[in-house]
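Dear colleague,

Please find below the structure that I am handing over to you. My account of what was found in it follows directly after.

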Amino acid sequence: TNARMLPPAKIQNSQITNSIVAEASVVVDSTISNSVIGLRSFISANTEIRNTVIMGANYYPWQHEEQLSAIEGPANPGIGEGTIIENAIVDRNASVGRNCVLKNEDGVLEADGDGYYIRDGLIVVPKGGSIPDGTHI
């Protein structure tokens, strides 16, 4: 494989337990437990992530469009401010908006929604998917 020349993860005022945070990730004022945070993930302030895999991104939300070339995905990949995610998989280049709750509180085993689906009780946000602000699952 090719070596990635990426900076280390940047973690500010966050609590991270039993988790892995990959290089070039940015985590701000958040709580993360029993999770994996992939390359170039951006986790906004006041976010709670539990038992979740976030695959990361190929680009940062603040990069200009001309730098992205042929990469497809939402303009702001990552997790928005005030969001709670539990028992989920967020695929590469996906975006979860602000003040969302992705917990599957009703215990649904199989479902298809707008920008997500549930399989075996796990919420999955597909590659390049986008969850709008304020979504509750």
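**Overall picture**

The protein chain exposes about 7500 Å², and carbon and sulfur atoms supply 47% of that area. Accessible areas here come from the Shrake-Rupley method with a 1.4 Å probe, and for residues only the protein chains shown count as cover. The structure is a predicted model, in which local features need pLDDT of at least 70 and side-chain atom pairs count only at pLDDT 80 or more, while totals for chains, interfaces and linings use all residues. Residues are numbered from 1 along each chain as its sequence is written, and side-chain values use heavy atoms, with hydrogens and water left out.

The protein chain has 16 strands and zero helices. Both are DSSP runs numbered from the N terminus: helices are H or I with at least four residues, and strands are E with at least two. Of its 137 residues, 41% count as buried. Buried means under 20% relative accessible area, exposed means over 50%, and partly exposed lies in between (1.4 Å probe, protein chains only). Among contacts between residues at least 6 apart in sequence, 35% join residues at least 24 apart; a contact means heavy atoms within 4.5 Å.

**Strands 10, 14 and 15**

Two strands are said to pair if DSSP finds at least two bridges between them. Strand 15 (residues 122-125) runs parallel to strand 10 (residues 84-90), and three bridges join them. Within strand 15, Val125 stands opposite Val90. Strand 15 also pairs with strand 14 (residues 116-119), in the antiparallel sense and over three bridges. Here Ile123 of strand 15 is the bridge partner of Ile118. The hairpin of strand 14 and strand 15 has two residues between the strands, and in it Asp120 takes a positive phi near 50 degrees.

Gly115 lies in the loop between strand 13 (110-113) and strand 14. With a relative accessible area of 23%, Gly115 is partly exposed. Its C-alpha atom is separated by 5.7 Å from that of Gly129, although the two are 14 residues apart along the chain. Leaving aside neighbours within four places in sequence, Gly115 is in contact with Val125, Pro126, Ser130 and Ile131.

**The largest nonpolar core**

A nonpolar core is a set of buried Ala, Val, Leu, Ile, Met, Phe, Trp, Tyr and Cys residues joined through side-chain atoms within 4.5 Å. The largest one has 20 residues, of which Ile43, Ile54, Val96, Leu102 and Ile123 touch the most other members. Two or more residues of this core come from each of strand 8 (48-54), strand 10, strand 14 and strand 15. Strand 10 gives the most, with three residues. Beyond its neighbours within four places in sequence, Ile123 is in contact with ten residues' worth of listed partners, among them Ala88, Leu102, Ile118 and Ile137.**Salt bridges**

A salt bridge is a side-chain nitrogen of Lys or Arg within 4 Å of a carboxyl oxygen of Asp or Glu. How many salt bridges does a search of the whole structure find? The search finds five. In one of them, the side chains of Arg98 and Glu81 meet at 3.6 Å, N to O. Arg98 lies in the loop between strand 11 (95-96) and strand 12 (101-102), and Glu81 in the loop between strand 9 (78-79) and strand 10, so the pair ties together parts that are 17 residues apart in sequence. Both residues are partly exposed, Arg98 at 44% relative accessibility and Glu81 at 34%.

Arg119 forms a salt bridge with Asp112, the closest N and O atoms being 2.9 Å apart. Arg119 also forms a salt bridge with Glu110, where the closest N and O atoms are 3.8 Å apart. Arg119 counts as partly exposed at 33% relative accessibility, and Glu110 is partly exposed at 48%, whereas Asp112 is exposed at 62%. Glu48, Arg50 and Glu86 are joined into one network by salt bridges that share partners.

**Surface and a buried serine**

Ile20, Val36, Val53, Met55, Ile89 and Leu122 make a nonpolar surface patch of about 440 Å². Patches are made of residues with over 30% relative accessible area and no salt bridge; like charges are joined within 9 Å, and nonpolar side chains (Val, Leu, Ile, Met, Phe, Trp, Tyr) within 5 Å. Val36 is found in strand 6 (residues 36-37) and is partly exposed, with a relative accessible area of 35%.

Is Ser33, by contrast, buried or exposed? Ser33 is buried, with a relative accessible area of 15%. Ser33 is found in strand 5 (residues 31-33). Apart from its neighbours within four places in sequence, Ser33 is in contact with Thr17, Ser19, Ile49, Arg50 and Asn51.

Yours sincerely
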